[in-house]
Amino acid sequence: MLKKTLATLALAGSLLGAGQTLAADYVIDKEGQHAFINFKISHLGYSWLYGTFKDFDGSFSFDAAKPEESKVKVTVNTASVDSNHAERDKHLRSADFLNVGKHPTATFESTAVKSTGEGTAEITGNLTLNGVTKPVVIAAKFIGEGQDPWGGYRAGFEGSTKLRLKDFDIQKDLGPASQEVELILSVEGVRQ
Amino acid sequence: MQWHNSPARYGLVSILLHWGVALTVFGLFGLGLWMVGLDYYSSWYRSAPALHKAIGLCLFAAMLLRLVWRFLSPPPPLLDSYGPLTRLGARLGHGLLYLGLFAVIISGYLISTADGRGIEVFGLFEVPALVSGLPNQEDVAGLVHEYLAWGLVSLSVLHALAALKHHFIDRDVTLKRMLGCSR
Ligand code: HEM
C-alpha cells in the first residue's frame, strides 16, 4: 500500500518535472489582483512613505530549470498612483512628479536574467518612466509555484530596484534623504 | 449709514460683504498660485494651503449670508439711465459672478475631500467630506478649480472695469453707491 503510494508520487513528480522543462508563459493575475507594484520613499529621513500603482498588466515566461531564459514585461498606468492621500496623489500625477498627462504609461521589459543563487536572480531590463528610458536591474526572488485549488497553475516572484528620481527627470526635490525611490514588484502569474 | 439696502442705496451689510468678498477672491487667487509653486522645505508649504482652504470655506459662509441678505433686503434697482444692453450685461455678469464663486469654492472643496478627509478650519472645527471617491475626483476637481479660478478673476476684473466706466465715462452713481453714497 505504502509502496504503491510512493510509486504514484514519484510518477506524478517526474511528470510534473517533465512539464517544467518547457518555459511556460504566465499572465500576471490582474483579475484576482495577486500582484502589486509598490514604492517606498523616505519622508525627510524620518519615516517611509509607501504608495502603489493600482492599474498595471504584464506577463512573464519562466522555467525553474532554465531561469536565464525567463522574460518579463510590465506596463503600468501611471495615473493609477495611490498613496492614500488625494491631495498628494494629485501632486504625484502632476508635472512635478509623474507627469501622467504626458506620460500615461510606464513600462519595464527585461533584456537579460542572471541567476544569482537558489531562487534568486538579477533581471536587467529597460524601464521607461516619465518618458525616460534607462536600464535598471531588479533583484528578484522566486517565491513559489504549483497547482492552485481551482484548476490552474501559478508562479510568484518579488523583486525590487532603486531609482534616482533625477535620473527619470522627476523635478520636485523632496530633500537629501529622498533622492531615491524603491520600487517593489510582487507578482503572481497564471500559466497560460 | 443704514444696515439694510434701500431703493436709493446699498446698506452697510451689503457693502461690507461686497468688498470683503472682492478682497478675499483676489487674495485667494494670489495665495493659490503662490502656494502650488512652494518649495517642499518652505515653512509655508503646509500652512499656505491650510490657510487657502480655511479662508475659502469662510468665503463660502459669507456667500451664503450674501444670498440670504439679498433675499431679506433686496439691493437697489439698476439705474434708470442704463440702456438695454447695459442692463443685460449687468444682470448676466452679476449672475455669472455668483455662479463662478460657488463653482470655484465647491471644486476646491472637492479636491481636498476626494479621499473622505475633512477640512480643518483654523484648527477650530472640521468641515466633513460630503462627496468622495468619484472617479479621478481630485484631478477633475483640480482642473475645474484652476480654470474656473482664472475665469472668475478675469470676470471680476471686467466687473471692476465696468464700474470704473460707469464712474468716469458715464459719470453715474453706480460705483459711488457701492461705497455708501447715494448721489
Ligand atoms: C474664490 C475662491 C478661490 C479662489 C479664487 C481660488 C484660487 C485658487 C488658485 C488660483 C489655485 C491654484 C491653481 C493651480 O494653479 O493649480 C488654487 C488651488 C487650490 N485651491 Fe483654491 N481658490 C478658492 C477657493 C478654494 C476653496 C474654498 C478650497 C477648499 C476648501 C480651495 C482649495 C484649493 C486646493 C486644495 C488647491 C490646490 C490644488 C493643487 O494642489 O494643485 N480653494 N485655488
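Is R117(B) buried, exposed or partly exposed? R117(B) is partly exposed, at 37% relative accessibility. The legends below describe a predicted model.

**Figure 1. A salt bridge within chain B joins R117(B) to D115(B).** The closest N and O atoms of this pair are 3.1 Å apart. Both partners fall in one accessibility class. R117(B) has 37% relative accessibility and counts as partly exposed. D115(B) has a relative accessible area of 31% and is also partly exposed. Over all chains, the count of salt bridges comes to 12.

**Figure 2. R93(A) and E138(B) form a salt bridge that crosses between chains.** Their closest N and O atoms lie 3.2 Å apart. R93(A) sits in helix α2 of chain A, which covers residues 86–93. E138(B) belongs to helix α4 of chain B. R93(A) counts as buried because its relative accessibility is 11%, below the 20% limit. E138(B), at 10% relative accessibility, counts as buried too. Side chains of opposite charge can pair when their charged atoms come close.

**Figure 3. E188(A) and R154(A) form a salt bridge that links distant parts of chain A.** The closest N and O atoms are 2.5 Å apart. E188(A) is in strand β11, and R154(A) is in strand β10, residues 153–164. The two residues stand 34 residues apart. E188(A) is partly exposed, at 23% relative accessibility. R154(A) is buried, with a relative accessible area of 17%. The limit between these two classes is 20%, so E188(A) and R154(A) fall on either side of it. The pair is part of a network of salt bridges that links D29(A), D148(A), R154(A) and E188(A).

**Figure 4. G189(A) is a buried residue of strand β11 in chain A.** Strand β11 covers residues 180–191. The relative accessible area of G189(A) is 0%, so this glycine counts as buried. Which residues does G189(A) contact, leaving aside its neighbours within four places in sequence? They are Y26(A), V27(A), I28(A), D29(A), F60(A), Y153(A), R154(A) and A155(A). Two of these contacts, D29(A) and R154(A), also appear in the salt-bridge network. E109(A) offers a distance reference: its C-alpha atom is separated from that of G189(A) by 16 Å. G189(A) and E109(A) are 80 residues apart along the chain.

**Figure 5. The iron atom of the ligand takes its protein donors from H52(B) and H145(B).** Each histidine donates through NE2, lying 2.0 Å from the iron. The pair links distant parts of chain B, with the two positions 93 residues apart. H52(B) is in helix α2, residues 47–72. H145(B) is in helix α4, residues 137–170. Why is the arrangement around the iron atom octahedral? The 6 donor atoms subtend angles of 87 to 180 degrees, which makes it octahedral. Ideal angles for six octahedral donors are 90 or 180 degrees. Both histidines are under the 20% limit, so both count as buried. The relative accessible area is 14% for H52(B). For H145(B) the value is 18%.

**Figure 6. Seven side chains form a nonpolar patch on the surface of chain B: F26(B), V157(B), L158(B), L161(B), L164(B), F168(B) and I169(B).** Together they have about 700 Å² of accessible area. Helix α4(B) gives the most to this patch, with 6 residues. L164(B) is placed in helix α4 of chain B. At 38% relative accessibility, L164(B) counts as partly exposed.

**Figure 7. Chain A and chain B provide the setting for the close-ups.** Chain A has 2 helices and 11 strands. Along the sequence, its pattern runs α-β-β-β-β-β-β-α-β-β-β-β-β. Of its 192 residues, 40% count as buried. Chain A exposes about 10800 Å², and carbon and sulfur atoms supply 58% of that area. Chain B has 5 helices and 2 strands, in the pattern α-α-α-β-β-α-α. Its C-alpha trace spans about 55 × 35 × 30 Å along the principal axes. Of the 183 residues of chain B, 37% count as buried. The accessible surface of chain B comes to about 11000 Å², with 71% belonging to carbon and sulfur atoms.

Conventions:
Residues are numbered from 1 along each chain as its sequence is written. Chains are lettered from A and ligands numbered from 1 in the order in which they are written. This is a predicted model: local features need pLDDT of at least 70, side-chain atom pairs count only at pLDDT 80 or more; totals for chains, interfaces and linings use all residues. Side-chain values use heavy atoms; hydrogens and water are left out. Donors are N, O and S atoms within 2.8 Å of the metal (3.2 Å for Na, K and Ca); water is not among the atoms, so sites may look incomplete. Four donors count as tetrahedral if all angles lie between 85 and 135 degrees; four count as square planar and six as octahedral if opposite donors are over 155 degrees apart and all others between 65 and 115; anything else is irregular. Helices (H or I, at least four residues) and strands (E, at least two) are DSSP runs, numbered from the N terminus. Buried means under 20% relative accessible area, exposed over 50%, partly exposed in between (1.4 Å probe, protein chains only). Accessible areas come from the Shrake-Rupley method with a 1.4 Å probe; for residues, only the protein chains shown count as cover. Patches are made of residues with over 30% relative accessible area and no salt bridge: like charges are joined within 9 Å, nonpolar side chains (Val, Leu, Ile, Met, Phe, Trp, Tyr) within 5 Å. A salt bridge is a side-chain nitrogen of Lys or Arg within 4 Å of a carboxyl oxygen of Asp or Glu. Contact means heavy atoms within 4.5 Å.
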